[in-house]
Amino acid sequence: MKDMLLQVEPLIPALRRYARALVRNRANADDLVQDCLERAVSRWQQRRDGDVRAWLFAILHNLAVDQFRKTTARSRHVTIDKTSEGDFGEAAAQEHQLMYQDVLNKLMRLPEEQRAVLLLVGVEDLSYADAAKVLNVPIGTVMSRLSRARERLQQEIEAVTAAPGNVVPMRSVK
Amino acid sequence: MNHRPITEDDLHAYVDRVLEPERQAEVAAYLGDHPGIAKRIAAFADHHKLLRAALAPIADEPLPPELNLSRIIGQHTRRPSLVRWAMAAMLLLSIGGLGGWAVRGALQASPRGLVALTQEAAVSYSVYAPDRVRPVEVRASDSAQLVQWVSDRLRRPVKVPDLTTSGYRLMGGRLVATEHGPAAMFMYDDDHGSRLVVLTRPMSGSDQNAPMTPQSQGDVGGIAWADDGVGYSLVGHAAPEFLRPIANEVRKQARAI
């Protein structure tokens, strides 16, 4: 178990970050990470060779997907507006807080599978192959989801810029 | 110079900096000629920077006590005392059972053929599959050693069935004792952690060749068959009809030895 401690412990902050970005709610996210670590401890002996990080993210991701399914089944949607500011709030540095809140809000508008791939590749630096393992899909699917996720996030960002409230009235040119 | 056409996948791989240096340069040159696309790609890279910066503080937060890994490991290693207690209880039960068995022997013959094989597989499944500490004795990473061992003990070449096409990966295996001699047990699991067991041994006496026969007891299902004097039984927490295609796969591979 000593090798496990050495290999897994340094990855816990990244697991928390992924969980929180995926489900947003701090308490839910930490519960998922705790479940993930408990499973990792009990399955450590059965782990196949390969990247420990991808293995841990796969366990965490499966738990999160199960939770999404259950929440959907109970049709208790946690919409973006209902999540408390504190889930991300105090995390962001003061001067950039608004900008960071904004991009995270937009991220939450993406479908769960697009959000996952964007986080795994873009934030957690997993290779496409490892992301494919975590999501249990072929690499080609990772690529197409990544492409859709990036386009979608860009649309969300542009949509706000072009929203009526933000439009600067045009001046007539003399 | 002939350039391969730039694909959407190239553009995304460029953002993620996973292209070969040469290709990375080709994409960079292409973007230089296509400012519209370059702008879009730059926006994707900006997303990453923004998301990383927005999420970075989460990774810096101090870990709450529930996420203390040493503590989780500690709780886990204390748990085996419970497992040991359960095993002791099971041993006592089986001793009681053996006493009863001696009496039963006088009254009825013990099961033979496929019925016996299925029971052995079901017992192995119920004992080893829930085991969190050591469900298998030899892990999949040492499968060559496993094959050698069980082939020696069963005195015939044994091949470990590969069930990856059915979504199950080999965890490993062990030798198990049965009334009809040693048997090889292989255990598999899928991504959701559900486990299957394949038990195989030479058939003594009846059922040297037998078609696939489904059996189920409670929520544990099984399928057993025999080919040329070797019996196989596949058991899992599933209905026999779910196990059927996997059993077909095991039989196909065994016949190909």
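Buried area is the accessible area that two parts lose on being put together, summed over both. Keep that in mind as you look around this predicted model.

**Stop 1: both chains.** Select chain A and chain B and colour them separately. Put together, they bury about 4400 Å² between them, and 62% of that area sits on carbon and sulfur atoms. Now pick out the residues that touch: you should get 45 from chain B and 51 from chain A.

**Stop 2: the salt bridges.** Stay at the interface of chain B and chain A, where there are six salt bridges to find. For one of them, select Glu61(B) and Arg20(A) and show their side chains: these two meet with 2.9 Å from N to O. Polar contacts turn up here too, with 16 residue pairs counted between chain B and chain A, both residues at pLDDT 80 or more.

**Stop 3: chain B's side.** Which elements of chain B give two or more residues to the side that touches chain A? Select α1 (8-15), α3 (35-60), α4 (69-78) and β2 (169-178) of chain B, and you have them. Look hardest at α3(B), since the largest share, 14 residues, comes from there. Then colour this side of chain B by residue type: it splits into 24 nonpolar, 13 charged and eight polar residues.

**Stop 4: a helix in chain A.** Jump to residues 97-108 of chain A, which form helix α5. From first C-alpha to last, this 12-residue helix reaches 16 Å, close to the 16 Å expected at 1.5 Å a residue. Now hunt for buried residues in α5(A): among them are Tyr100(A), Val103(A), Leu104(A), Leu107(A) and Met108(A). Gln97(A), Gln101(A) and Lys106(A) are buried as well.

How values were computed: Residues are numbered from 1 along each chain as its sequence is written. Chains are lettered from A and ligands numbered from 1 in the order in which they are written. This is a predicted model: local features need pLDDT of at least 70, side-chain atom pairs count only at pLDDT 80 or more; totals for chains, interfaces and linings use all residues. Side-chain values use heavy atoms; hydrogens and water are left out. Contact means heavy atoms within 4.5 Å. Buried area is the accessible area (1.4 Å probe) that two parts lose on being put together, summed over both. A salt bridge is a side-chain nitrogen of Lys or Arg within 4 Å of a carboxyl oxygen of Asp or Glu. A polar contact is a pair of N or O atoms within 3.5 Å; within protein, one must be able to donate a hydrogen and the other to accept it, and residues adjacent in sequence count only if both atoms are side-chain atoms. Helices (H or I, at least four residues) and strands (E, at least two) are DSSP runs, numbered from the N terminus. Ala, Val, Leu, Ile, Met, Phe, Trp, Tyr, Cys and Pro count as nonpolar, Asp, Glu, Lys and Arg as charged, and the others, Gly among them, as polar. The expected span of a helix is 1.5 Å times one less than its number of residues. Buried means under 20% relative accessible area, exposed over 50%, partly exposed in between (1.4 Å probe, protein chains only).
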